[in-house]
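These are my notebook entries on a few places that I looked up, written down in the order in which I went through them.

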Amino acid sequence: MMTTSIAASHAKGKFATDKIFGASGAANKAVQEVGKEKVTNATIGALLDDNEKLVCLPTVEKVWRELPINEVINYAPIAGLPEYLEAAINLSFADNRPEAYIKAIATSGGSGVIHHTVWNYTEIGDTILTSDWYWGPYKVLCEDALRKLDTYTLFDEKQNFNIQSFENKVKALLDKQNNLVVLLNTPAHNPTGYSLTDGEWDKVIDLCKECATDESKRIILLIDIAYLDYAGEKNASRAFLKKLSNLPANVLAILAFSMSKGYTMYGQRTGAMIGVSSSQQVIKEFEDINQYTSRATWSNINRGCMRLLSNIYHDQTLQTQMEQEREGYYKLIHQRASIFTKESAAANLYMLPYVAGFFITVPANNPDAVCDKLHDDYIYAVPLGKGIRIAVCAVPQSKMLGMAGKVAAAIAAVGK
């Protein structure tokens with residue numbers, strides 16, 4: 001009998017179906033057929049200007065092009081360049097550094113942080129918790145590591161953070177396993193654009209402290225801050241980080257820092273895993289085990305991009321210029337989102353609460369059919385499990401006008 005698979009049992013049946021890239025491919029095909037001016041591509045999770053060109057912050061490009069070739073091509077330390085790690089920590093916290101031991105390990109983008117956290121802080125077969133609206137690769141990262149992903153309901157009936165659903169799921173999972181990784185993507189959540197308020201963060205922290213009174217339990221708060229730099233005023237959007245001060249020793253916070261969005265260096269795959277703990281021993285272990293896992297996966301990461309960040313951070317003029325450039329694009333995204341939000345209200349189109357960030361989400365019962373219907377108007381969005389994602393980061397203001405009404409019409413045509 002012919003052999004149909006020679007893969008290991010845990011690898012059999014794996015295949016990647018990415019709806020984001022699939023939707024983007026359909027949009028690109030339409031551009032070839034009818035022209036760019038007629039197509040609205042709301043699939044792209046990257047910052048485009050109003051001429052639909054991929055943005056690189058000018059200061060970032062300038063510093064990148066000035067790097068000596070040896071800084072681009074040379075190996076880097078497994079843990080990352082020390083000056084890069086310092087920059088990643090300080091830029092993440094700004095004026096809101098918590099009272100804690102804090103260390104960082106260089107990773108292959110924010111995805112590398114999630115990989116290491118899942119692998120090193122849960123047991124095989126354990127379940128990781130995130131919200132019911134989430135970035136699809138979270139599940140892939142968990143399942144490829146032989147873990148599961150479960151969800152709580154993100155919003156309550158008043159469209160606030162559903163702390164009761166969150167609490168119920170946290171406690172139920174801790175009844176079954178001793179380690180629990182809780183994956184929170186905030187502020188400027190992908191895909192909804194929601195940000196937890198300071199009061200909601202207080203409730204999350206209080207719950208973690210309550211659960212930590214059982215010293216056999218270990219809670220790891222994995223905070224995906226990929227969109228932090230497009231979440232609002234620098235220190236206001238980071239104020240919640242101060243709340244990570246003086247946590248119980250069996251509560252570890254990990255920030256997933258990435259240069260993809262805030263520094264427009266998507267393809268360079270440069271991030272940092274930032275650990276925050278009240279225990280010096282826990283942080284030493286954090287450094288040791290995650291550096292070991294880096295060596296066992298990608299070895300080391302992009303030296304040039306690490307040098308880029310450290311050069312900008314250590315030159316106040318460059319840092320100020322870059323932040324001003326980024327502020328301009330933050331305002332541009334906000335203007336685009338405001339158009340969609342205002343027109344949604346006029347069209348009686350229900351959308352999930354948006355605060356900031358790259359995406360807006362509209363709930364729909366049949367997202368694939370709605371997205372297919374939108375193709376009639378050459379509008380391309382990403383179908384999710386329970387709705388459609390609109391990339392306001394990528395759609396120019398001229399094409400944002402009228403889109404909400406067309407989305408409402410497509411939902412009505414498909415049927416709720």
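Entry one. I looked up β11 and strand β12 (residues 387–391), and I noted that they pair in the antiparallel sense over two bridges. For Val382 I wrote down Arg389 in β12 as the bridge partner. I keep in mind throughout that this is a predicted model.

Entry two. I then followed the sheet outwards and found that three strands form an open sheet, in the order β9-β12-β11, with antiparallel pairing. Because β9 (359–363) and β11 (382–383) each have a single partner strand, they stand at the edges, and one side of each is left without a neighbour in the sheet.

Entry three. I turned to helix α2 (residues 58–65) and helix α10 (residues 303–313), which pack at an angle of about 120° while their axes lie 10 Å apart. Since an angle over 115 and up to 145 degrees falls in the oblique class, I recorded that α2 and α10 are therefore oblique to each other. The crossing in which α2 passes α10 is right-handed.

Which residues meet here? On the side of α2 I listed Val60, Val63 and Trp64, and on the side of α10 they meet Gly304, Cys305, Leu308, Asn311 and Ile312. Sorted by class, this contact of α2 with α10 has six nonpolar and two polar residues, and no charged ones.

Entry four. Is Ser260, in the loop between β7 (251–258) and β8 (271–277), buried or exposed? Ser260 has 4% relative accessibility, and because buried means under 20%, I count Ser260 as buried. Leaving out residues up to four places away in sequence, I found that Ser260 touches Met265, Tyr266 and Arg269.

Methods: Residues are numbered from 1 along each chain as its sequence is written. This is a predicted model: local features need pLDDT of at least 70, side-chain atom pairs count only at pLDDT 80 or more; totals for chains, interfaces and linings use all residues. Side-chain values use heavy atoms; hydrogens and water are left out. Axes are lines fitted to C-alpha atoms, for helices over the stretch in contact, and angles run from 0 to 180 degrees between N-to-C directions. Helices (H or I, at least four residues) and strands (E, at least two) are DSSP runs, numbered from the N terminus. Angles under 35 degrees count as roughly parallel, over 145 as roughly antiparallel, 65 to 115 as roughly perpendicular and the rest as oblique. A crossing is left-handed if the near helix is turned anticlockwise from the far one by less than a right angle, and right-handed if clockwise. Contact means heavy atoms within 4.5 Å. Ala, Val, Leu, Ile, Met, Phe, Trp, Tyr, Cys and Pro count as nonpolar, Asp, Glu, Lys and Arg as charged, and the others, Gly among them, as polar. Two strands pair if DSSP finds at least two bridges between them. Buried means under 20% relative accessible area, exposed over 50%, partly exposed in between (1.4 Å probe, protein chains only).
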